[in-house]
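Q: I am new to this structure and would love a close look at one part of it. Could you walk me through the largest pocket: what lines the pocket, and which elements do the lining residues come from?

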Amino acid sequence: MRFVTSVLVAALLAATQSWAEPEAIEFSDLADPFAIAFEDPYRDMGNEMLSELKVLVQLDQKLSENDLASEDRARLEARRFAAREKLEANGHDVDGLLAQRWDVAKKRQAARMATNPIFDEVDVALSGYLIPGPRDADGTGFGYLVPQVGMCSHLPPPPPNQLVRVKLRADQHVESLYTPVRVLGLLRVEPSDATIFILDGESRMLSGWTLDAEIVEFPEG
């Protein structure tokens, strides 16, 4: 009986410990999957066709002006005709693409901002690169966790729903933005907008998340 009781206690302790383990997540998990699941007719067009569509939009704006010389108007109309003909020859519905562009732009912006609600107030483990930020007067520090080295300095920042503001304790220090880290702690949906100095310039850090760091690990190697 004592043996059975010991086994049950051990099983209970093991289960409790497993529940306390943070959930390992990826940056791609942070975006709201419903917000990014929309039909985007421009996604697979390719750079050449997107460039032709952009030319078409720009020429429409230019041709709407009333003070164009007749020669300029004829030249722009010829270029517009060529762009439209090329798009249609490649199977694109030009009028449909033009009609959807503002709606798709709004959906793209929503997809960049919308956070995944299932990870709000969840203990997580997330690996990436931590960009150091300025410390508060009380010693509390902040950093920004990004998925790729060089983001926000040499590379564009990730979308706000995949940029994580990390709240550090006074005893936690990260000096280099090129050092890979693994941060464990409570993740919260908490938007923030700050401008910090990185390397030789300022960068706007628009984030949808705050991660209260309990542990900051530096993987070996």
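A: Here is a walk through the pocket, with a little of its surroundings to help you find your way. Please keep in mind that this is a predicted model.

Let's begin with the whole chain. Five helices and six strands make up its elements, and along the sequence they follow the pattern α-β-α-α-α-α-β-β-β-β-β. The chain has 221 residues, of which 37% count as buried.

Now for the pocket itself. The largest pocket holds about 210 Å³ of space. Its lining is made of Tyr42, Leu50, Leu53, Lys54, Val57, Arg101, Trp102, Val104, Ala105 and Arg108. Two elements, helix 3 (47-63) and helix 5 (94-113), each give two or more residues to this lining. Helix 5 is the one that gives the most, with five residues. As for chemical character, seven of the lining residues are nonpolar and three are charged, while none is polar.

Once you have found the pocket, you can also look at a nonpolar patch on the surface. Val149, Tyr178 and Leu199 form this patch, and together they have about 260 Å² of accessible area. Tyrosine 178 sits in the loop between strand 4 (164-168) and strand 5 (180-198). This tyrosine 178 counts as partly exposed because its relative accessibility is 43%, which lies between the 20% limit for buried and the 50% limit for exposed.

Methods. Residues numbered from 1 in each chain as written. Predicted model: local features only at pLDDT ≥ 70, side-chain atom pairs only at ≥ 80, totals over all residues. Heavy atoms only, no water. 1 Å grid on protein atoms, 1.4 Å probe; cavity = no way out; pocket = protein on both sides within 12 Å on 5 of 7 lines; lining within 4 Å. Points joined across faces, edges and corners; volume = space filled by probe spheres on them. Helix = DSSP H or I, 4+ residues; strand = E, 2+ residues; numbered from the N terminus. Nonpolar A, V, L, I, M, F, W, Y, C, P; charged D, E, K, R; others polar. Patch = residues over 30% accessible without salt bridge, like charges linked within 9 Å, V, L, I, M, F, W, Y side chains within 5 Å. Areas by Shrake-Rupley, 256 points an atom, 1.4 Å probe, with all protein chains shown as cover. Salt bridge = Lys/Arg side-chain N within 4 Å of Asp/Glu carboxyl O. Buried < 20%, exposed > 50% of the residue type's maximum accessible area, 1.4 Å probe, protein only.
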